[in-house]
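This report follows the arrangement of strands and helices and then turns to the surroundings of the ligand. Please keep the sequence and the structure in view while reading.

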Amino acid sequence: MEASQKLQLFATQMYLEPAEDVDSRPIPINIRPKKEGLAGRAPQEVLPCGQVSSSRNIEAQRDSLGITEAVMPGGKRIKLLKTLLTSACERNCYYCPFRAGRDYRRATFKPDEMAQTFMNMYRAGLVEGLFLSSGIIKGGVATQDKLIETADILRHKLGFHGYVHLKIMPGSERDQVLRSMQLASRVSVNLEGPNTRRLQQLAPKKVFLEELLQPLKWVEEIRQIQRPNQTWNGRWPSSTTQFVVGAVGESDLELLTTSSHLYQQAGLSRTYFMAFNPVPGTPLENNPAENPWRQHRLYQASFLLRDYGFDLEDLPFDQDGHLPLVNDPKLAWALANLVQSPVEVNRANKEDLLRVPGIGPKGVHSILTARRHRKLRELQDLKALGVNPTRPAPYILLDGQRPPYQPRLL
Ligand code: SF4
């Protein structure tokens, strides 16, 4: 099979790996691969963010070689080739199109073939970075060796100095984690489930603590105790993980408890959430697809934990451990806590300002800088600082006064 045919084959399933995609909001079910027989909806669909998705755009992306627009850890946008070394796999994860024994056309790249194929695309201006994962053949260690070999060829034989996100396979050894980190810009291990019990329901051959969590902990341990002087660019890579959401009844509390732990203890840059969609020919094929709004709320909540100083206790879980779908979790917290006790923008500390809906880390920085020189008295003053005043207005005081605002019509 030609390299381009292999990439096209893999590309139909790469929506399963959100990676650094610019739009981590849910992909509507109707634009998932038709060959996989997923239920269709209308050709255009309004995403939870309110944006109308153009199926033509995303179909073009899907039908391509697996190239997506991606946002880098520093905010730069690049064209990222998301692909696999092989779609063959000896494991049997219940949700996965590549699971062993499933009737599915497989393809495999050799490391030098993958490296050369990517480099050809890079030189042609088609791509600027690589996200490389793989099915598992002959164990996680042997598969990781192939991923490392590919990255090694790219860095040291072909002289590629751009972005490489390397997946770390379940069961990889510590030395392999270290070598991957020396070659990659970002590494990740997919935990899939938030704990041992949920992983067993999703992927019975994976071992949560030893095979998945341990490599993520090694990444942070290596960053803490070793100097990055043998890395390709003199810096340690960032690390991320990904969860399958809604396939086996796990709660948002379970997912966010593990996310919070990983942010604090394993130095993770980000946790990705992928709303479950049943794949025909898998044990979970009759389970319902997860509501894409849930994925969206989980992202919002995880950012509150990571960037906004929220604790798990601050999040508005219901008695089953789920977040409300109707309001974003920051707004739900503000409705419960700030309506009667608004935040005085001219005196509040950074932590309290971050609790106000519509004010993010950049807005807080602008406010703290501006108020050293003058009092902020009107909503227009916030607008001048780049903060849209519509959302914060009900929850703030400006120089002791509640600003006028138009309540949102329901
Ligand atoms: S290990 Fe599991 S999730 Fe990964 S490719 Fe194999 S079956 Fe799919």
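Are α5 and α7 parallel, perpendicular or oblique to each other? In this predicted model, helix α5, which spans residues 174-183, packs against helix α7, which spans residues 208-225, at an angle of about 60 degrees and with 10 Å between the axes. Because an angle under 35 degrees would count as roughly parallel and one of 65 to 115 degrees as roughly perpendicular, α5 and α7 are therefore oblique to each other. Their crossing is right-handed. On the α5 side the contact is formed by Arg174, Val177, Leu178 and Met181, and on the α7 side by Pro215, Trp218, Val219 and Ile222. Sorted by class, this contact of α5 with α7 holds 7 nonpolar residues, no polar ones and 1 charged residue.

Helix α5 also packs against α4, here at an angle of about 25 degrees, with the axes 10 Å apart. That angle makes α4 roughly parallel to α5, and the crossing of α4 and α5 is left-handed. Helix α4 contributes Val141, Gln144, Ile148, Ala151, Asp152 and Arg155 to the contact, while α5 contributes Gln176, Arg179, Ser180 and Leu183. By class, the contact of α4 with α5 comprises 4 nonpolar, 3 polar and 3 charged residues.

The next topic is the sheet. Seven strands form an open sheet with mixed pairing, in the order β3-β4-β5-β6-β7-β8-β9. Its edge strands, each of which pairs on one side only, are β3 (67-71) and β9 (270-275). From one strand to the next the twist averages 25 degrees. Helix α4, residues 139-157, packs on this sheet and touches both β5 and β6 (163-167), and the direction of α4 makes about 170 degrees with that of β6.

Strands of a sheet pair through backbone hydrogen bonds, in either a parallel or an antiparallel sense. Strand β4 takes part in pairings of both kinds: β3 and β4 are antiparallel, with 5 bridges, whereas β4 (residues 77-84) and β5 (residues 129-133) run parallel and are joined by 5 bridges. The strands β3 and β4 form a hairpin with 5 residues between them, and Gly75 in the turn has a positive phi of about 105 degrees. The table gives residues that stand opposite each other in these pairings.

| Strand pair | Residue | Opposite residue |
|---|---|---|
| β3 and β4 | Ile67 | Leu81 in β4 |
| β3 and β4 | Ala70 | Ile78 in β4 |
| β4 and β5 | Leu80 | Gly129 in β5 |
| β4 and β5 | Lys82 | Phe131 in β5 |

Finally, which residues are around the ligand? The ligand is surrounded by Cys89, Arg91, Cys93, Cys96, Phe98, Arg99, Gly135, Ile136 and Ala203. By class, this shell divides into 6 nonpolar residues, 1 polar residue and 2 charged residues.

Methods:
Residues are numbered from 1 along each chain as its sequence is written. This is a predicted model: local features need pLDDT of at least 70, side-chain atom pairs count only at pLDDT 80 or more; totals for chains, interfaces and linings use all residues. A residue is near a molecule or strand if its C-beta atom, placed from the backbone, lies within 6 Å of it. Ala, Val, Leu, Ile, Met, Phe, Trp, Tyr, Cys and Pro count as nonpolar, Asp, Glu, Lys and Arg as charged, and the others, Gly among them, as polar. Axes are lines fitted to C-alpha atoms, for helices over the stretch in contact, and angles run from 0 to 180 degrees between N-to-C directions. Helices (H or I, at least four residues) and strands (E, at least two) are DSSP runs, numbered from the N terminus. Angles under 35 degrees count as roughly parallel, over 145 as roughly antiparallel, 65 to 115 as roughly perpendicular and the rest as oblique. A crossing is left-handed if the near helix is turned anticlockwise from the far one by less than a right angle, and right-handed if clockwise. Two residues are in contact if their C-beta atoms, placed from the backbone, lie within 7 Å. Two strands pair if DSSP finds at least two bridges between them.
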